[in-house]
Each structure stands twice: as C-alpha cells, then as structure tokens.
Amino acid sequence: MKMPTTLNSENSGNPLHALARALGVEARGDGGPCAVCGESPFETACTMKALGNMFNRWSRLASPGVNAICEGCKYATGGHSSRKPRPVRMTSFVIECGKFNVLQQADWWELLNKRPDKPFVASWATSRKKQHMLHAGWSGDGIWRIGADERCIVFEHREDVMAAVVALRDIGARKGHIASGHYPPKLLTAHRKTIETAELALAEFRQKSMALDLIVYALPVDYDNKTMADRETSMPLPPSDHTAIELLADIAFGSSFRVDQGIRFWGGYFESRIKRFSRLPLPDALSNLMGEVGTGVTSAGAVSKRLAAMDTAEMNAVSESIRARTTLLHALAFEQMKEKRGTK
Ligand SMILES: [Zn+2]
C-alpha cells in the first residue's frame with residue numbers, strides 16, 4: 001500500500017523514520033516490511049501486539065496486512081504514559097537537522113512565523129492521547145505539513161493571516177471567537193472595521209482543516225490573572241453549535257457501528273461521514289448519516305424530534321456550524337455522548 005502523499009516529500013524520506021532516528025533508535029539488521037511505516041530500515045522483529053492498547057490509529061497503518069512492526073515505530077508510536085521521557089503521542093515536537101525537540105504551546109508561534117531554509121517535521125499533540133505523529137509530513141519552504149490527531153494540517157504561510165489573528169487578539173477577541181468567527185455583539189459594535197478586515201484574510205483559511213485552530217492555539221496571549229484553562233472553557237459557542245453537538249451525539253449514541261467498532265468510529269469514520277453529507281440540507285444530511293452509521297429507531301426518533309422543533313433558519317445555522325467546525329463539534333459530540341452514556 002502506498003503511503004499518503006502528505007507523509008512524504010521528495011528526498012526527505014519517511015518522517016516516521018526521521019522521528020525514530022531523532023529519538024535515538026538505531027537501525028540494525030536489514031530492516032523489512034512494517035505495518036505502521038510500510039518499509040523500514042529498522043529491525044522488524046516485533047509483532048503487532050507490541051503496539052499495545054495505547055495505539056488507536058489503526059486506519060493509518062501503511063501496510064495493514066503485515067503482522068510485524070519495526071523498532072522505530074514501536075518506540076515512536078507506543079509507550080506507557082509513565083515512560084520517561086513521555087511517549088511521543090503526549091508530546092508536540094519538531095525535528096530539525098535530525099534533532100528531536102519538545103514543543104511547548106509557547107514555542108508554536110515562533111515556529112509558525114519563521115521561514116526555515118531546511119525542511120523539518122513538526123507534530124501537534126492535539127489531545128495528547130493519539131498518535132498524531134503518524135500524520136506529520138515534512139514542512140519547509142513556507143508550506144506547513146503539521147501532524148495532528150486526525151489529520152495532517154497543510155497550509156501555506158500567510159503573513160496576512162498571522163497579522164489578522166494578532167489584530168483580533170489586540171482588540172480583545174478571545175481565542176474561541178477567532179477560531180469560530182463568532183464575535184460577541186459588544187466587540188462587533190466597537191471594532192466592526194477591524195473584525196471585518198481580519199475576517200477577509202481569514203475567510204479562505206477557515207476552509208483549511210484545522211489550520212486556523214493551530215494558529216489560534218499558538219497565538220500568544222497575555223492572560224492577566226486568568227489562566228488559559230479558565231479562558232478556554234469560558235468560550236461561548238453559538239447556539240447552533242450546541243444544537244449540532246446534541247444531534248451528532250444522539251446519532252453516535254444510537255449507532256450500531258459505534259457499538260461494534262468504537263475505535264474506528266471515533267477514529268475518523270464518523271467525522272468523515274459527517275463531512276461527506278454536510279453540504280446537504282440538514283434533514284437529508286442527518287438521515288444519510290444515520291443510515292451510514294446504523295442509528296437505531298430510538299435515537300433516530302430523538303433526532304426527528306429536535307428537527308421538528310427547528311425552523312429553516314435554525315437548520316441552516318446548524319448546517320453552517322457543522323461545516324465550519326466539523327472537527328471541534330465531532331470532538332465535543334464525543335464528550336457529550338460519554339456523559340450521556342454515563343447517565344443512562
Ligand atoms: Zn515502522
């Protein structure tokens with residue numbers, strides 16, 4: 001099986017091998033086929049079991065048919081949370097000139113603003129739980145290919161976008177406002193011109209999956225006396241986002257596919273289906289989605305009930321929310337469903 005093109009760039013080799021080397025894994029023997037990276041220069045004596053139950057990116061295996069993994073992938077993707085240093089899945093990192101460096105949140109802004117002359121591999125431990133490094137590609141020449149939990153975040157460096165984000169921060173917009181494009185009325189009234197100008201630069205960027213989320217995550221903010229967590233959790237989402245989350249959680253809750261294959265379901269299957277149908281009018285999108293994931297009658301009934309209580313404008317707003325913030329709403333639906341399952 002071919003590696004996805006985002007994982008390779010010319011002459012730079014497989015980013016996973018660069019990662020393993022930077023972590024100090026030495027190539028011994030002849031190498032061979034590896035389920036995770038495809039073809040490995042490292043020893044491939046371990047079976048798939050060596051990945052352990054912390055591995056949750058089964059859809060990203062380069063050679064799913066191979067029952068062997070290499071020493072490099074074993075070390076780079078696995079490891080218990082008690083390991084010192086911490087497993088890579090819990091760590092954002094950059095590899096430059098063969099060196100592995102941990103990236104703290106504060107380091108990202110500088111990284112995203114510089115134009116390095118040499119290619120590098122960077123990856124964002126979005127949830128600190130998943131094998132984000134499997135999505136990392138080579139960045140350089142003003143093109144970023146940053147690994148993240150669910151995808152490779154690919155975007156071009158744009159000074160106008162970075163400046164727009166800073167301008168919004170400087171008028172007091174919070175990270176959640178910038179990421180969602182929804183600003184409180186007070187702020188809109190006071191700074192309409194600034195917001196409109198900034199949004200012009202951001203409009204196209206919002207279509208690039210997760211790029212703006214990463215930039216906003218990296219944006220340095222002076223928090224006065226509030227901690228980051230306080231601010232992040234107090235971000236208000238627009239009401240249509242909440243409705244979208246409820247609907248998606250209902251659909252997931254009743255899905256027979258989820259019951260059978262929870263890891264695959266939450267590991268990209270559900271999200272890709274949400275995306276696939278998101279251009280349809282809301283009732284059609286949801287009914288297609290329910291068909292695809294095998295949502296049972298009880299949950300389907302709950303969804304119809306919610307839809308029946310909405311007018312067209314509300315439905316359009318929910319569709320728009322789902323399209324604009326698929327990844328975020330998918331993640332929040334997961335949280336919501338966990339709570340739901342806990343109470344039933
Ligand atoms: Zn490997």
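User: Where in the chain does P85 lie?
Analyst: Quick ground rules: this is a predicted model, where local features need pLDDT (the predictor's confidence in each residue, from 0 to 100) of at least 70, side-chain atom pairs count only at pLDDT 80 or more, and totals for chains, interfaces and linings use all residues. Residues are numbered from 1 along each chain as its sequence is written. Helices (H or I, at least four residues) and strands (E, at least two) are DSSP runs, numbered from the N terminus. With those labels, P85 sits in the loop between α2 and β3.

User: What is omega for the cis peptide bond that joins K84 and P85?
Analyst: P85 belongs to the α2–β3 loop. Its peptide bond with K84 is cis, and omega is about -10 degrees.

User: V88 is in that loop too; is V88 buried or exposed?
Analyst: V88 lies between α2 (71–77) and β3. A residue counts as buried with 20 or more other C-beta atoms within 10 Å of its own, exposed with 12 or fewer, and partly exposed in between, with C-beta atoms placed from the backbone. V88 has 25 other C-beta atoms within 10 Å, so it is buried.

User: Which residues does V88 touch, not counting those up to four places away in sequence?
Analyst: Contact here means that the C-beta atoms of two residues, placed from the backbone, lie within 7 Å. By that test, V88 touches A76, F93 and M133.

User: How far apart in space are V88 and R128, C-alpha to C-alpha?
Analyst: R128 sits in another loop, the one between β5 and β6. In sequence, V88 and R128 are 40 residues apart. From C-alpha to C-alpha, their separation is 8.7 Å.

User: What is phi of R128, and what is phi of D141?
Analyst: R128 is in the β5–β6 loop and D141 is in the loop between β6 and β7 (143–147). R128 is partly exposed because it has 15 other C-beta atoms within 10 Å, and D141 is partly exposed because it has 14. Neither is a glycine, yet phi is positive: near 60 degrees for R128 and, for D141, about 60 degrees.

User: Which residue stands opposite V121 in β6?
Analyst: Strand β5 (residues 120–123) points F120 and A122 one way and V121 and S123 the other, and all are buried. Two strands pair if DSSP finds at least two bridges between them; β5 runs antiparallel to β3 (residues 93–96) over 4 bridges, with V94 opposite A122. β5 is also joined to β6 (residues 138–139), again antiparallel, by 2 bridges. In that second pairing, V121 faces W138.

User: Which residues is G32 in contact with, leaving aside neighbours within four places in sequence?
Analyst: G32 belongs to strand β1 (residues 32–34). It is partly exposed, since 15 other C-beta atoms lie within 10 Å. T44 is 12 residues along the chain from G32, with 6.1 Å between their C-alpha atoms. Including that one, the contacts of G32 are S40, T44 and A68.

User: Which element gives the largest share of the side of domain 1 that touches domain 2?
Analyst: The chain is split into domain 1 (15–156), domain 2 (159–226) and domain 3 (239–341), with bounds from an automatic or database domain assignment. Domains 1 and 2 have C-alpha centres 30 Å apart, and their contact takes 12 residues from domain 1 and 11 from domain 2. On the domain 1 side, α3 (105–113) and β8 (152–156) are the elements giving two or more residues. The largest share, 6 residues, comes from α3.

User: Which helix gives the most to the largest nonpolar core?
Analyst: A nonpolar core is a set of buried Ala, Val, Leu, Ile, Met, Phe, Trp, Tyr and Cys residues joined through C-beta atoms within 7 Å. The largest one has 58 residues, and C73, I153 and I215 have the most contacts inside it. It draws at least three residues from each of domain 1 and domain 2. The top contributor, with 6 residues (the helix spans 211–218), is α8.

User: How many residues are in the second, separate core?
Analyst: This core includes L247, I251, L282 and I322. Its residue count is 22.

User: What is the mean pLDDT of the chain?
Analyst: Some stretches fall below 50, including residues 1–11, with 16 contacts beyond near neighbours in sequence, and residues 223–234, with 5 contacts beyond four places in sequence. Still, 90% of residues reach 70 or more, and the chain's mean is 86.
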